[in-house]
Each structure stands twice: as C-alpha cells, then as structure tokens.
Amino acid sequence: AIISKYYSSFIMRVTTTDQYFCEMASVSAAPWVYGLTALGTEGEWHHHACVYDKDTGVLKYYMDGVDVSGVDSVAIGCEPSASAAQVNLGAHAGGSWPFGGALDEMFVISSDLSATEIAQLYNSQKNEHAPLVAYWAFDEGSGTTPVDSSGNNYHAEFGNNPSWTAASKVGSGALNFDGNNDYVAAYPSID
C-alpha cells in the first residue's frame, strides 16, 4: 500500500496486476476505483491523488494531474469511520501489500479537490491546500521519525527498515521502501 488506514477508512496501493487502486470504506459500503493498467517507468517520479466526493459518492484516481480512473464505484454516503486505527505509509496493516519504491511529499487533505485543483497541485509541486490533516515531506534524511509538518502532530515511526534517500522530486529527501515489509506508521490515528 502507498497509504492506508487499517480496515476502516482508505487505501491507495498497487495491485498484483500492476494497477493503481483506491478504496474508501465504511461499515455499509466500499467504493473502489482502479487507475492505470501498468506502472510508470522505473526511476520516474509520479504524482498520485485519490479524491472521494461524499455528496456524489464518486471516487477518482489522478496520476500526474490527470484523471485516470478506470472503474468507478458509487456508494452515496460512504464515509470513513473514525477509528483508532493507525495510518500506514508504504504498506497496509502489519506490513501486508508492501510498496516497493520511493515516496515523497505525502499528505492528507480533508476536503475533496476538483480536477482543476488536482492539476494545479501537480503543476505547482507544492502543498498549498487547506484543510491539511497530515503532511510528511520526508526531508529528515536520518532517524526513524518522519515529522508531520501540518501542525496536527501525526508524527510517524519506522516499521521494519525503510531507508532515507536524497533523490526526491520535491524538497531534500524521500523514503525508500523495499517492497517486502517496510512501512511507516502514523500515530495518533488520523480521523
């Protein structure tokens, strides 16, 4: 998983058939959307965003500022549950569905963005949207605690052993995940 909240809210990951995948879940419904059918070229940075509009029930997947949603599932009123589950970056709960590659500039925004706003976000390479819930720049370069720069104190801790790298798209660093069992867990849980 690229980012997930254990069994209760959301996940963005790459499937075993190399499709990008988003899911929003609640007690009563789980809409999902698939993105592209193949991954980008190894070594290239890409911007990914999932946007769920709870009023229309539509979940969209964007890559590099463009809507690449393959299959939409609509479930009006689906809203992630507010559970105490942690948010994981780089893998799902317990290290399942591990992501192999580097992640940089991860953030969670609590409002649905329009296609225009997603394109602006991609083109600016800056996080200027509110309300910002969590933001990990991954610019620390050392240690085992990626800091949440949103001001909401969702600081994270390494699970297993992701590694810092200076190779990044934005800022001065990123995190490499081995695709086996590396992850970063954010506490307290993001609601």
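This is a short talk through one protein chain, from its overall make-up to a few individual residues.

Hi everyone, thanks for coming. One thing before we look around: what you see is a predicted model, so please keep that in mind throughout.

Let's begin with the whole chain. It has one helix and 15 strands. Of its 191 residues, 44% count as buried. The chain exposes about 9200 Å², and carbon and sulfur atoms supply 50% of that area. How do the contacts spread along the sequence? If we take the contacts between residues at least 6 apart in sequence, 55% of them join residues at least 24 apart.

Now to the strands, and to two of the sheets. One is an open sheet of three strands in the order 5-6-7, with antiparallel pairing. Strand 5, residues 48-53, and strand 7, residues 66-67, stand at its edges; each has a single partner strand, so one side of each is left without a neighbour in the sheet. Strand 5 pairs with strand 6, residues 58-63, in the antiparallel sense, and six bridges link the two. If you would like a residue pair to click on, try Y52, whose bridge partner in strand 6 is L59.

While we are in this part of the sequence, here is something for the charge enthusiasts. How many salt bridges does the count come to? The count comes to one. Its members are K60 and D67, and their closest N and O atoms are 3.5 Å apart. In general, side chains of opposite charge can pair when their charged atoms come close. Are these two residues buried or exposed? The word for both is partly exposed: K60 has a relative accessible area of 24%, and D67 has 35%. Neither counts as buried, because that label is kept for values under 20%.

On to the other sheet. This one is also open, with three strands in the order 9-14-13 and antiparallel pairing. At the edges we find strand 9, residues 100-103, and strand 13, residues 163-165, and each pairs on one side only. From one strand to the next, the twist averages 30°. Strand 14, residues 174-178, pairs with strand 13 in the antiparallel sense over three bridges. Here the pair to look up is T165 and A174, the latter being the bridge partner in strand 14.

Between strand 13 and strand 14 runs a loop, and S168 sits in it. This serine is partly exposed, at 21% relative accessible area. What does S168 touch, once residues up to four places away in sequence are set aside? The list is W45, D104, G173 and A174. A polar atom of the S168 side chain also lies 3.4 Å from the backbone oxygen of V170. And S168 and E105 are 63 residues apart along the chain, yet their C-alpha atoms are separated by 9.0 Å.

My last stop is another loop serine. S150 lies between strand 11, residues 132-136, and strand 12, residues 156-159. Its side chain makes a polar contact of 2.9 Å with the side chain of D148. A polar atom of the S150 side chain also lies 3.1 Å from the backbone nitrogen of N152. Leaving aside neighbours within four places in sequence, S150 is in contact with L132, V133, A134 and Y135.

That's my tour. Thanks for listening, and I'm happy to go back to any part of it.

How values were computed
Residues are numbered from 1 along each chain as its sequence is written. This is a predicted model: local features need pLDDT of at least 70, side-chain atom pairs count only at pLDDT 80 or more; totals for chains, interfaces and linings use all residues. Side-chain values use heavy atoms; hydrogens and water are left out. Two strands pair if DSSP finds at least two bridges between them. Helices (H or I, at least four residues) and strands (E, at least two) are DSSP runs, numbered from the N terminus. Axes are lines fitted to C-alpha atoms, for helices over the stretch in contact, and angles run from 0 to 180 degrees between N-to-C directions. Buried means under 20% relative accessible area, exposed over 50%, partly exposed in between (1.4 Å probe, protein chains only). Contact means heavy atoms within 4.5 Å. Accessible areas come from the Shrake-Rupley method with a 1.4 Å probe; for residues, only the protein chains shown count as cover. A polar contact is a pair of N or O atoms within 3.5 Å; within protein, one must be able to donate a hydrogen and the other to accept it, and residues adjacent in sequence count only if both atoms are side-chain atoms. A salt bridge is a side-chain nitrogen of Lys or Arg within 4 Å of a carboxyl oxygen of Asp or Glu.
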